[in-house]
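Me: I would like to go through this model and ask what each term rests on. Please set the values against the definitions.

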2 protein chains.
Amino acid sequence: MIDFTQYFKGHSLAESSELNELLSQVKLVNVKRGEVLQHRGDDAKHAYFVRSGLLRSFSVDEKGKEHVFMFAPEGWIISDIQSTAMQSPAVLSIDALEDTEVEVIRADIFEELVNKHMGSHPDFAGLELNRLLRRIAVLQKRVLLLLSASATERYQEFITTYPNLQQRVSQRLIASYLGITPEALSRIRVELIKSERSASI
Amino acid sequence: MIDFTQYFKGHSLAESSELNELLSQVKLVNVKRGEVLQHRGDDAKHAYFVRSGLLRSFSVDEKGKEHVFMFAPEGWIISDIQSTAMQSPAVLSIDALEDTEVEVIRADIFEELVNKHMGSHPDFAGLELNRLLRRIAVLQKRVLLLLSASATERYQEFITTYPNLQQRVSQRLIASYLGITPEALSRIRVELIKSERSASI
DNA sequence: CGAGCGCTTGATTGAGTTCAAAAATCGTGG
DNA sequence: CCACGATTTTTGAACTCAATCAAGCGCTCG
């Protein structure tokens, strides 16, 4: 079982009263598949730490179409970092793709902790820095893929990067993550299976 | 004239010996339009602070095609954050689109400074955190645009977000940034000018 | 001044979308 | 546990946006 406490383990903050104060703000919530945790337009943004289950964030465009921004399985933190940083209403909605046990906390808690407790617990900043750097790495990779790779290549990249997710998420949602229609993904898969067959003969 | 020193102004580190140590590592370099500052595959990554001129970072795909990842005009810092964070060879190349005066420093200096001097100069972490959050914000926006918007919409978004760049960068490069061909952008512009005309009559 | 680069325009092709409908799967209540 | 309705996936056909290929024009800078 992974949780915020464990996330902070190994850092000086882990044993401090500040951490206890922080953890006392954490609410443990059970959400059912399909429930929406955060709506686009919400002013109060939250960060969600997934203990078990699966969340996703997504945007809705003018034509009403959903676009999956990210998936968050066990151990992941999901939030609308952009809207939190810009102190603007949420542009992303967040909902549950499976029954999920999730720890909820104010999304700006990380920044606040860094700013407030840097002096006494400086390595907390390093932890947060690391989280953001990893986020940037996956976003950079995703942008470059969207710029340069065909739908087929993006799908192959997806299944090698997230083999476990591929089992748990419907094709409809994978297609949305890849920026294509479900029909296109269906056709891509039959082509891939065909070529697998001929390659293994 | 903007530089690293100014970037650090207003933070406690600004007056410290650590900053002087840092600034002594900064090399001021003049690069000519077309010069490549960093090649894909380089092990030593650098961060570039643009004092004047214009840099860009880009990737090259298997077919040899270039894809513009970002532009960096005066006052911007450009680097391959992903490769620096992952301690892997650079995936992005960086070159000059105009004659550029640039301050060069090891790309991992920010992380190192945060880790080393956090105790004595904690607010430096806040500065760096802010830089990363802004980066994430633009990347999130770009991913969502690539997922949901047509080439025309992405172009319109580009010119409203970066009106100054539009003047300085060739259409060829803007097209690359948008993920389309120069021919497609040329046609899009014709259509937009047409519809502007009919709208203003 | 000429070679090359950038932009445009045209014709053709192709990857992916849209619309429609059937087949398969899932989930829920009885 | 089964059955029914709803959702997802597949398949087909027509269409669209953007890519590709090709040619011509206008600059500039060497």
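Me: What joins strand β3 of chain A to β6(A)?

Reply: Two bridges join β3 (residues 46-52) of chain A to β6(A), and the two strands run antiparallel. Strands pair if DSSP finds at least two bridges between them, so β3(A) and β6(A), with two bridges, count as paired. In β6(A), A:Ile78 is the bridge partner of A:Tyr48. The model is a predicted one, in which local features need pLDDT of at least 70, side-chain atom pairs count only at pLDDT 80 or more, and totals for chains, interfaces and linings use all residues. Residues are numbered from 1 along each chain as its sequence is written, while chains are lettered from A and ligands numbered from 1 in the order in which they are written.

Me: What makes β1 and β6 of chain A edge strands?

Reply: The open sheet has four strands in the order β1-β8-β3-β6 (chain A), with antiparallel pairing. β1 (27-31) and β6 (77-78) of chain A each have a single partner strand, so one side of each has no neighbour in the sheet. Helices (H or I, at least four residues) and strands (E, at least two) are DSSP runs, numbered from the N terminus. Chain A has nine helices and eight strands.

Me: Which strands stand at the edges of the sheet β2-β7-β4-β5 in chain B, and why?

Reply: That open sheet also has four strands, in the order β2-β7-β4-β5 (chain B), and its pairing is antiparallel. Its edges are β2 (36-38) and β5 of chain B, because each has a single partner strand and one side is left without a neighbour. Neighbouring strands of this sheet are turned by 30 degrees against each other on average, direction ignored. Within the sheet, four bridges join β4 (residues 54-60) of chain B to β7 (residues 93-96) of chain B. B:Asp95 in β7(B) is the bridge partner of B:Arg56. Helix α5 (residues 123-148) of chain A packs on the sheet and touches β4 and β5 of chain B; its direction makes about 130 degrees with that of β5(B). Axes are lines fitted to C-alpha atoms, for helices over the stretch in contact, and angles run from 0 to 180 degrees between N-to-C directions.

Me: How many residues does each chain give to the contact?

Reply: Chain B gives 36 residues and chain A gives 36 residues. Contact here means C-beta atoms, placed from the backbone, within 7 Å. On the side of chain B that touches chain A, the elements giving two or more residues are β5 (66-73), α3 (81-86), α4 (109-117) and α5 (123-148) of chain B. The largest share, 20 residues, comes from α5(B).

Me: Why are the two copies said to be related as by a two-fold rotation axis?

Reply: A turn of 180 degrees and a shift of 0.0 Å along the axis lay chain B on chain A with an RMSD of 0.0 Å. The two copies are therefore related as by a two-fold rotation axis. The superposition is by least squares on the C-alpha atoms of residues with pLDDT of at least 70 in both. The same surface serves both copies, as 100% of the contact residues of chain B recur in chain A.

Me: Which residues are the closest to DNA strand C?

Reply: The closest are A:Ala151, A:Ala184, B:Ser170, B:Arg172 and B:Ser186, among 16 residues that surround DNA strand C. A residue is near the strand if its C-beta atom, placed from the backbone, lies within 6 Å of it. α9(B) gives the most to this surface, with six residues.

Conventions: Two residues are in contact if their C-beta atoms, placed from the backbone, lie within 7 Å.
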